[in-house]
Amino acid sequence: MLSIHSARQRGHNGKIGLAIAGGGPIGGMYELGALRALDEALDGLDLTRMDCYVGVSSGAFLAAGLANRMSTAEMCRIFITGTSDDAEFRPETFLRPNVGEYLRRAASLPGLYADWVSRLLRSPHRATRWSDLFLRFGGLVPTGIFDNQEVERFLRDIFTRRGRSNDFRTLDADLFVVAVDLDSGEAVRFGEQGWDDVPISRAVQASSALPGLYPPVEIGGRHFLDGALRRTMHASTVLDRGIDLMIGVNPLVPFDANQATPQADQAEQVGLASGGLPAVLSQTLRTLLQSRMQIGMEKYPLRYPDIDQLVFEPNADDSELFFTNLFSFSSRHRVCQLAYRNTLADLRKRAATLKPMLAAHGIRYNEDIVQDRNRSILAGLDVAPRMTETTARLRRALDDVDQLVSRHRAARHS
C-alpha cells in the first residue's frame, strides 16, 4: 500500500530524506525487503547517499546502517542469507534473558518483605489488599525480559570497522535516531546538537528498547525507551531539513479480516477474537501506531506542500504478515520476500503518478525489475567477494572518488 503526496511546487535542491518506522524484529525485516525493492527498481536512487535519515526502533537499525554506507544487499546478506563476510547475525544473542536485572531485583526481596511485614502488623487489612501487594512487590518484576546490551555490542562492532563510524558527527549525511525519555515522556533525537556525542550504537539500543521486551537504556543519567512511544515514524524530522522528496516505510498496519483471503488451514474467514489475547494485542498495537502516523501524514501536505512524499506500507488484507510473530527472527526471509514483492507491486500500480514525480528528482524506473512479477529478493544477492579491512577501506575511498567525479561532471553539464 502506497500513500503519495505530490508537491505543489517542486524544489530543485535534489535533496532526499528517508524515514523508517519501528515494528519489532519482523517489522525491521519487512522494511529491509521494501528498501531492497526500491534500491533495485529505482535507478538514480542511492539509499546509502541520502541527505538525511531518521530511524525509530527497528527502523533505527536500518537507518544507521544506510547512513554508514551499508547497502541493502549487504544487510540482506547479514540478516537473511547469512553469506556476509562483514558480520555474523545470531538471533539468539538478541534474545538472551536479562539475568543481571533478575538477580538485582531478587536481591531487594528481603527488604521489601520486611517492610511489608511491618505494614501488616500496623494495618493488616490494608497490607493484604491486592492493589497494595502489587505496588509493594511490583519492583521485583524486571523492566525487560531480554538483555539488550548485545544489540549495542553488535552494532558497535559493525560501525567501528571498514571505514564506518559510530559517531553521528563524522557521517556524510544527517542521521537522527529517536528515543523517548522514560521519566518525562519527551522524544529525544540523537544526532541533533546536544545529543550528537552519544555513540550511534547506544542511540539505536535506546530507540529499540521496546517496553517489557528490553529494559530502558541509561544515557547521561536519563533512561530511554522505544521512540515509537511518541510518534510512529517521526517523518517531520527529515521534512524540516529542506528536502525535496521524502520516502517513508512503515511496516505495521491494522489487519482487515473482512477483506483477507482465508489461509490454507482455515475453512472460512474467522474474526480476530478467535485468536485470543495475542491477536487482540497485535491488532491494538498496529491500530494505535498507524492511526498516529495517519494523523501526522494528513497534516504534512499542509505543512510541507512543496515536498513530494511517499510512504510504503503493507496491505491491510495480508494475513500472512499479521499472523507472523512480531518478535520472531525465524520468519525473516519470508517477510522480507513479501515486502519486496509488495513494494514492486506498488511501483507497478502507481507508475502513472510516480514516474513523472521521480523523474523530477533524477530517478527512473528499472522496468526489467519492476515488471518481473516473479522476481525474488535473492536474485540480486550474489555472494560479494571477501574483503579484508584494508580492501574494504580502499573500496570505500574509490567509491567516494567516483561520486565526486560524477558530481563534477553533472555540475559542468548543468
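Here is a short walk through a few arginines and one helix in this structure. Keep in mind that the model is predicted.

Let's start inside, with helix α2, which covers residues 58–67. Of its 10 residues, 10 are buried, so the helix is largely enclosed by the rest of the structure. If you want to click through them, the buried set runs from Ser58, Gly59 and Ala60 through Phe61, Leu62 and Ala63 to Ala64, Gly65, Leu66 and Ala67. After α2 comes arginine 69, and its backbone is worth a look: phi is positive there, near 65 degrees.

Next, jump along the chain to arginine 375, which sits in the loop between α15 (367–370) and α16 (389–413). Is this arginine buried or exposed? Its relative accessible area is 17%, and the cut-off for buried is under 20%, so arginine 375 counts as buried. What does its side chain touch? One polar contact, of 2.9 Å, goes to the side chain of glutamate 40. Another, at 2.8 Å, links the side chain of arginine 375 to that of tyrosine 340.

Now for the surface. Arginine 231 is also a loop residue, placed between β8 (222–226) and α10 (236–239). With a relative accessible area of 44%, arginine 231 is partly exposed, because that label covers values between the 20% and 50% cut-offs. Which residues join Arg231 in a patch of positive charge on the surface? They are Arg230, Lys299 and Arg303.

So, to recap the two loop arginines: arginine 375 is buried, while arginine 231 is partly exposed and belongs to a positive surface patch.

Definitions and conventions: Residues are numbered from 1 along each chain as its sequence is written. This is a predicted model: local features need pLDDT of at least 70, side-chain atom pairs count only at pLDDT 80 or more; totals for chains, interfaces and linings use all residues. Side-chain values use heavy atoms; hydrogens and water are left out. Patches are made of residues with over 30% relative accessible area and no salt bridge: like charges are joined within 9 Å, nonpolar side chains (Val, Leu, Ile, Met, Phe, Trp, Tyr) within 5 Å. Accessible areas come from the Shrake-Rupley method with a 1.4 Å probe; for residues, only the protein chains shown count as cover. A salt bridge is a side-chain nitrogen of Lys or Arg within 4 Å of a carboxyl oxygen of Asp or Glu. Lys and Arg count as positive and Asp and Glu as negative; His and the chain ends are not counted. The place of a charge is taken as NZ of Lys, CZ of Arg, CG of Asp or CD of Glu. Helices (H or I, at least four residues) and strands (E, at least two) are DSSP runs, numbered from the N terminus. Buried means under 20% relative accessible area, exposed over 50%, partly exposed in between (1.4 Å probe, protein chains only). A polar contact is a pair of N or O atoms within 3.5 Å; within protein, one must be able to donate a hydrogen and the other to accept it, and residues adjacent in sequence count only if both atoms are side-chain atoms.
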